[in-house]
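Work through the exercises below with the sequence and the model side by side, and try each task before you read its solution.

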Amino acid sequence: MALYVNAYGSNFQKRKLSEDVTWWFIDKQLSRYKNLDIQIDLIKIDDVNGSCVYHENNTFEIEIDKRLDGDDFVSCILHELIHVEQHLKKMHGIDGIDQDIPYLEKPYEKDAYKRSEVLLKEYYK
């Protein structure tokens, strides 16, 4: 069992910040998990700011638009990490089929948007 966090793309500062935020989140929200692999790809994305894909064996791929800066960048990472937590803890029906629910009305999106702002403030403290 092991914990892996790796960021790829963009520049050194953004990769380091992505990894720092992720380790902080793991310590705060996911400390009981001893087997996680989180890959963060900092790339140009045109249709969303970020995404989170769950693969088997607690492996996650997060994509973040590398053009985001400052609080928007950190908040987006936290938002996607909340989706990691939701998958691991099976929260808010994130694994269910909810094609008929508008994006912003999905319970797991409401939760991620709300908590990412709270966690952003906590991260900077």
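**Exercise 1: the sheet**

Task: Find the order of the four strands in the open sheet, and then its edges.

Solution: The order is β1-β2-β4-β3, in an open sheet of four strands with mixed pairing. Strands here are DSSP runs of E with at least two residues, helices are runs of H or I with at least four, both numbered from the N terminus, and two strands pair if DSSP finds at least two bridges between them. The edge strands, each pairing on one side only, are β1 (3–9) and β3 (50–55). This is a predicted model, in which local features need pLDDT of at least 70 and side-chain atom pairs count only at pLDDT 80 or more, while totals for chains, interfaces and linings use all residues. Residues are numbered from 1 along each chain as its sequence is written, and side-chain values use heavy atoms, with hydrogens and water left out.

**Exercise 2: one pair of strands**

Task: Describe how β3 pairs with β4.

Solution: Strand β4 (residues 59–65) runs antiparallel to β3, and six bridges join the two. One of the bridge partners can be located directly, since Ser51 is matched with Glu63 in β4.

**Exercise 3: the core**

Task: Which residues have the most contacts inside the largest nonpolar core?

Solution: They are Leu30, Ile38, Ile40, Ile62, Ile64, Leu81 and Val84, within a core of 29 residues. Such a core is a set of buried (under 20% relative accessible area, 1.4 Å probe, protein chains only) Ala, Val, Leu, Ile, Met, Phe, Trp, Tyr and Cys residues joined through side-chain atoms within 4.5 Å. Its largest share, nine residues, comes from α2.

How values were computed: Buried < 20%, exposed > 50% of the residue type's maximum accessible area, 1.4 Å probe, protein only.
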